[in-house]
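Welcome! Let's take a short tour of a protein model, looking at its helices and its surface. Have a look at the picture first, then read on.

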Amino acid sequence: MLFKDQVDFVRQHLKKNRLRVFTTVLATTMGCAFLIVLASIGFGLQGSMEREILTDQKLTEIEVHGDPQKKIDVDAIRKMENVRAVVEKTNAQLSANVKFEERTNSVPVNMTEFDNEEKVGSKLSEGRLPQNSDEIVVGYHFAENLLSKAELKEQEKLNEESAENDTTSTKQAKKLGYKESLVGKTISVKLQDYDNDKAINKELTFKVVGVSEKPAKDWLIKNTILFSHELKGEFYNIYKASVKDSKNIKAEKDMFYPEIKVHATNLEAVKGVIAKLKDKGLSVYSVTEQLDDINVIFLAFKVGLIFVGTIAVLIASIGIFNTMTMAVTERTREIGVMKAIGASPKLIQRLFLMESAWIGILGTAIAIVISYGISFLSNWLLPIIIDMATDSNQFQEADIVFSDIPWQLILVASTISIGVALLSGWRPARKATKIDVIQALRQEL
């Protein structure tokens, strides 16, 4: 019997019991769709978490922390293989009281090596990186926080209203501050020790040459100034000169806290660089290590979901088993006739396995279409429903994906669903091959 004839033979018999076949395909569809949608939750949440971690993070960036009592040998790290650049940033126990025209602002003192920032490709929303120690880069929201006296009073009023109404005044606050570009403008700065209420009298002037890029997250506020790392000694001398009692002068190591970031040449080199840094006794953090940990956790989570979904497919397989068993019983005489005219047991077994496979394939195909529809609706409706229930707009703005269906999941679910369908039909197919020809022909129609 040709393959085309076998297909026609199977199709004819499936048409004879349309209702039974329909309910069996429906059960297979529900089981497979349940498996795909359930597992898609794991893929969706994993993708959302990975995007959240990778937002505003550099995959080749490694944070290095050492013993607070010992200085990290930055030059030795720069000479390591596969290290593109090392950026040493410094957070000072000082604030910068800024004055521009009739506007003021107060920000923490942060310093960095701008030449190395350029090597790692640090991005700005406007302007360029400083080339001299009297040039600075301000944060993206620095201008918004340059307020006049009248705006300061208005800001305080808005803050009081938002506290009373338990709401945020962010949209209103954005109307305040300096509206024009600060690039090319000169600002004056007075340093202030965190332990003192008054600023140090010495006034410094700096030229704004760049504005940092917009934060990836809307709720992040970049109200900062980046000074050149060359000013570290000058700032410390200004601080020392302002302290009347020499006993109260902080040591330089207590005044400045270094933050070292190592940039590998490429993503493949990150693990090797991390291993070398750890061999030097340094503590390191890289987003790639965090992603590895998350992937392990979500792998176990997804396997668990697929296992639960497979149970639904196995339950659906009972319907396939019953359908095929009844088909063998009803067609006993027909099977006897086929054997009498020379049909081999393998051919008979193949015909019944083709029927069960057809049910599995059709049910899986419909389940895939339904699963994508459910996934789309859940990603669209769930944030709206949650925001309505919580009276907020956070989930719609957060871009959280609740369900994601990659091709790997489709492949796994299809293999499980069609495989289970074939296994369910294998026993009835074997039973069909063992039917006695004489007994089958004696059976009444």
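**Reading the model**

Helices here are DSSP runs (H or I, at least four residues), numbered from the N terminus. This is a predicted model, where local features need pLDDT of at least 70, side-chain atom pairs count only at pLDDT 80 or more, and totals for chains, interfaces and linings use all residues. Residues are numbered from 1 along each chain as its sequence is written, and side-chain values use heavy atoms, leaving out hydrogens and water.

**One face of a helix**

Let's start with helix α11, residues 332-340. Its buried residues (under 20% relative accessible area, 1.4 Å probe, protein chains only) are T332, I335, G336, M338 and K339. Seen down the axis of α11, these fall within an arc of 160°, so they line one face of the helix. After α11 comes G342, with a positive phi near 110°.

**A nonpolar patch**

Now to the surface: F34, F307, V308, I311, I315 and I318 make a nonpolar patch of about 580 Å². Such a patch joins nonpolar side chains within 5 Å, from residues with over 30% relative accessible area and no salt bridge (a Lys or Arg side-chain nitrogen within 4 Å of a carboxyl oxygen of Asp or Glu). Helix α10, residues 287-330, gives the most to this patch, with five residues.

**A positive patch**

R427, R430, K431 and K434 gather in a surface patch of positive charge; like charges are joined within 9 Å. R430 is found in helix α14, and its C-alpha is 6.1 Å from that of Q349, although the two are 81 residues apart in sequence.

Conventions:
Accessible areas come from the Shrake-Rupley method with a 1.4 Å probe; for residues, only the protein chains shown count as cover. Lys and Arg count as positive and Asp and Glu as negative; His and the chain ends are not counted. The place of a charge is taken as NZ of Lys, CZ of Arg, CG of Asp or CD of Glu. Helices (H or I, at least four residues) and strands (E, at least two) are DSSP runs, numbered from the N terminus. Buried means under 20% relative accessible area, exposed over 50%, partly exposed in between (1.4 Å probe, protein chains only). The arc is that of the directions from the helix axis to the C-beta atoms.
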